[in-house]
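Reader: I'm new to this one and would like a close look at a single part. Could you take me through one pocket and what sits around it?

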Amino acid sequence: MNSKTILLFRRLMDGQPHKLAELAEYLQTSPRLVRYEMSEAGAFLEKEGLGTILQHNREEGWRLTPTAEERQLLEEKLSNLDTRDYVMSSAERRIVMQLMLLASGPEPLTSQYFADQFGVSKSSSDKDLALLKSDLVSSGIGLDSRVSKGSTLKGEETAIRRSGVRILEQQVDFESLYQGSQRCGVVERWARELFCDGTVPALFALLRSAEQNVLARWFTFDSFRMLILTLAVSLVRVRKGMYVNDHPASMAVMRTTREYSEASRIAQALERRFKVRLPAGEVAELTLLLASAKYVSPEPYLKDDWAKVQVLLERLVHAMSEEMGVGFYRDEALYTALQAHLGPAVFRLRHGIPVTSFNAQEIRKNYPECFEAMLRALDRLKSPLLENITEDDVACLVLHFCASLERQKRSLPVSRVAIVCMHGAGTANLLRN
């Protein structure tokens, strides 16, 4: 989302059809960029559960067809947006896409190539490249531009890959990618096409298999995401002949570790699946990734659903952050507590096992803001895993977020008191805080 997308919504709110040329004139931009803005608008509506109200007819153009209730909801969503929701201008978006194209291969790309791709003038592309060159200085990467030949990224292979991974982290909704959703904005669509579509589905399956057959333990969602994105960028670079060939100084010691043995087996699986060659330097990089990863140990009865539970956890934390305007996603203790809670909770809901001895009404009375925010968040998520959730189950979840709020209010001294609570870790953490 950006200011032009907001203007598009304002224009389309009249309910009348608007042709591409008319919208381009209204925004004072090219028809091609209007299509990008409409893609962003469609992705926003889809995310907010309003995907069906944007209609397109080749002869008439675009129009919004909301009911009175949907119109009110959309107006509220637009009025509540702040600058974090639409900070990227068209120029900033082009610069990100330029970097993605450059990072996806070693071939020089000219200003005219970028101009043709984005539907802008060559002079605009030249300005974008100049800005990109200055932005890259702090990342240890250079932009080597030569007249009539084009531009390429120059620097250590690991630095270029880190830049590519950072773009995917910022631009790709990993939860939607994991769930197979195809709805996304223009920048995310480019990121997916360049780095994800040809490899990520197979990487999901390969890493899940490795968890069971090689590692005998499961990645946390954050570590799983980082591994997938890093491997996706690495495979694109390797297929273009760009390898990490440097060996760390501690290579001899590294070869004796468990992680190196595991990385070697995963590398062999990657070579077979993607028909690539991974030299020792690539295996060393994978070893470092495994060594820095965090792991969890789900109960045996949850292993088939563990990935879905992890996705649900991530989406729930971010939904509550948005509903309450609090950075819950920064609280590692909250993630740890929810990982321990959500798995058994999903198992109970699936088998109709009720929460016992829990006073949900008291929690709703004492923490109304958090309770109502949780209800809104769950309604937004509409997760099949929580299909039969009760008010008692909601109250259990609320306690974890209340404890997180208390943790953020003050730093706690070291304690030598242990609290045991029949209602679980959520209540115990709240009492402790």
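Which residues lie nearest the centre of the second largest pocket, and how many residues line it?

Author: A few ground rules before the pocket. This is a predicted model, where local features need pLDDT of at least 70 and side-chain atom pairs count only at pLDDT 80 or more, while totals for chains, interfaces and linings use all residues. Numbering runs from 1 along each chain as its sequence is written, and side-chain values use heavy atoms, with hydrogens and water left out.

Now your pocket. It has 20 lining residues, and those nearest its centre are R161, T230, S234, E285 and L289. A pocket here is found on a 1 Å grid over the protein atoms alone: it is an open set of points with protein on both sides within 12 Å along at least five of seven lines, and a lining residue has an atom within 4 Å of a point. The space inside comes to about 350 Å³; that volume is what probe spheres set on the points fill, with points joined across faces, edges and corners.

Who builds the walls? At least two lining residues come from each of α8 (157-171), α12 (221-239), α14 and α15 (280-292). Helices are DSSP runs of H or I with at least four residues, strands are E runs of at least two, and both are numbered from the N terminus. The lining splits into twelve nonpolar, three polar and five charged residues. For that count, Ala, Val, Leu, Ile, Met, Phe, Trp, Tyr, Cys and Pro are nonpolar, Asp, Glu, Lys and Arg are charged, and the others, Gly among them, are polar.

One residue of α15 deserves a stop: E282 sits in that helix. Its relative accessible area is 8%, so E282 counts as buried (under 20%; exposed is over 50%, partly exposed in between, with a 1.4 Å probe and protein chains only). Leaving out residues up to four places away in sequence, E282 touches R161, V238, M242, Y243 and V244, where touching means heavy atoms within 4.5 Å. R161 is also among the residues nearest the pocket's centre.

Follow the chain between α14 and α15 and you reach K275, in the loop that joins them. K275 has a phi near 55°, a positive value in a residue other than glycine. Most residues other than glycine have a negative phi, and most peptide bonds are trans. K275 counts as exposed because its relative accessibility is 71%. Elsewhere, S148 also has a positive phi, about 70°, without being a glycine; S148 is in the loop between β3 (142-146) and β4 (150-154).

How far can you trust this? The pLDDT, the predictor's confidence in each residue from 0 to 100, averages 84 over the chain, and 89% of residues reach 70 or more. Among the elements, α14 (residues 258-274), one of the pocket's walls, has the highest confidence, at 94, while α21 (residues 425-432) has the lowest, at a mean of 62. Residues 82-87 fall below 50, and beyond near neighbours in sequence this stretch has eight contacts in the model.

Finally, the wider setting. The chain has 21 helices and six strands, and of its 433 residues 50% count as buried. Among contacts with a separation of 6 or more, 71% join residues 24 or more positions apart.

How values were computed: 1 Å grid on protein atoms, 1.4 Å probe; cavity = no way out; pocket = protein on both sides within 12 Å on 5 of 7 lines; lining within 4 Å.
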